[in-house]
Amino acid sequence: MKPDTTSETLRNRGIRLTRQRQLLLDLIEESGEHLDAEALYNLARQRDPKLNRVTVYRTLKMLKEGGLVDELDLMHFVGDQHYYETRRKQEHAHIICLRCGRVEEFYGPPLHRLRQQIETTFGFQILIARTEIGGYCSHCQTLRQQEIESIVNPQDEQPAPAKPAKPRRKR
């Protein structure tokens with residue numbers, strides 16, 4: 001969404017796009033990461049030291065209800081944390097590594113086809129779609145395989161027993 005569209009959307013809901021609200025939207029968009037409320041608060045405080053935590057939480061709630069940000073749980077990798085991203089991005093799926101927490105975003109025709117298939121099959125009008133896929137990234141697959149092998153073949157992982165030290169002769 002373009003900034004003028006953002007303020008228009010809020011204005012249509014009777015909400016002003018204040019400097020602080022714009023700051024939070026900009027930080028969510030610019031960070032390139034999925035930020036939780038606390039991380040967003042810390043970033044915002046660097047730009048506006050007077051900003052308080054309550055304002056961040058209230059603003060996130062308002063932006064979510066206003067349809068400008070999405071609240072994600074990202075497979076609850078870090079417990080009950082919620083993360084935020086703007087709806088300015090095109091629709092995408094979140095691919096989450098259940099071991100290291102790495103998050104990738106997947107865009108493309110397969111998602112569009114899935115959406116069309118759901119609409120056609122169920123006669124369902126999709127307004128928003130959020131897709132999360134959990135698994136293991138290539139790095140964690142390798143680590144996981146090594147762990148499994150060490151459990152299956154424990155002798156391969158144990159260091160060779162140390163040779164007993166030879167007693168020294170007294171001189």
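How many helices and strands are there in the chain? There are 7 helices and 6 strands. This is a predicted model, so please take everything that follows as computed from that prediction.

Going along the sequence, the elements come in the order α-α-β-α-α-β-β-β-β-α-β-α-α. The chain has 171 residues, and 27% of them count as buried. As for contacts with a separation of 6 or more, 49% are between residues 24 or more positions apart.

Let me begin with the helices. Helix H3 has four buried residues to look at: Ala37, Leu40, Tyr41 and Ala44. They span an arc of only 100° around the axis, so they sit on the same side of H3. What do the buried residues of H3 pack against? The partners are H2, strand E1 (35–36), helix H4 (53–65) and strand E3 (83–86).

Two of those partners, H2 and H4, also meet each other. Their axes come within 10 Å and cross at roughly 75°. Angles of 65 to 115 degrees count as roughly perpendicular, so H2 is roughly perpendicular to H4. On the H2 side the contact is made by Gln20, Arg21, Leu24, Leu25 and Ile28. On the H4 side the residues are Thr55, Val56, Thr59, Leu60, Met62 and Leu63. By type, the residues of this contact of H2 with H4 divide into 7 nonpolar, 3 polar and 1 charged.

Next, the charged pairs. Side chains of opposite charge can pair when their charged atoms come close. Searching the whole structure gives 8 salt bridges. I will go through three of them.

The pair to start with is Arg47 with Glu30, where the closest N and O atoms are 2.9 Å apart. Arg47 belongs to helix H3 (residues 37–47) and Glu30 to helix H2 (residues 19–31), so this salt bridge ties together parts that are 17 residues apart in sequence. H2 is also one of the elements that the buried residues of H3 pack against.

Then there is Glu147 with Arg99, with 2.7 Å between the closest N and O atoms. Which parts of the chain does this pair tie together? Glu147 is in helix H6 (residues 138–152), while Arg99 is in the loop between strand E4 (93–97) and strand E5 (103–106), so the parts joined are 48 residues apart in sequence. Is Glu147 buried or partly exposed? Its relative accessible area is 39%, so Glu147 is partly exposed. Arg99 also counts as partly exposed, at 31% relative accessibility.

The last pair is Arg115 with Glu119, and here the closest N and O atoms are 3.9 Å apart. The cut-off for a salt bridge is within 4 Å, so this pair is counted. Arg115 and Glu119 are 4 residues apart in helix H5, so about one helical turn separates them. Buried means under 20% relative accessible area; Arg115 has 18% and is therefore buried. Glu119, with 28%, is partly exposed. The pair does not stand alone, as Glu91, Arg115 and Glu119 are linked in a network of salt bridges.

That leaves one more residue of H5. His112 is found in this helix, which runs over residues 109–122. His112 has a relative accessible area of 46%, so it is partly exposed. How far apart are His112 and Glu91? They are 21 residues apart in sequence and 8.6 Å apart in space, C-alpha to C-alpha. Glu91 is the residue we just met in the network with Arg115 and Glu119.

Technical notes: Residues numbered from 1 in each chain as written. Predicted model: local features only at pLDDT ≥ 70, side-chain atom pairs only at ≥ 80, totals over all residues. Heavy atoms only, no water. Helix = DSSP H or I, 4+ residues; strand = E, 2+ residues; numbered from the N terminus. Buried < 20%, exposed > 50% of the residue type's maximum accessible area, 1.4 Å probe, protein only. Salt bridge = Lys/Arg side-chain N within 4 Å of Asp/Glu carboxyl O. Arc of directions from axis to C-beta. Contact = heavy atoms within 4.5 Å. Axes fitted to C-alpha atoms, helices over the stretch in contact; angles between N-to-C directions. Parallel < 35°, antiparallel > 145°, perpendicular 65-115°, else oblique. Nonpolar A, V, L, I, M, F, W, Y, C, P; charged D, E, K, R; others polar.
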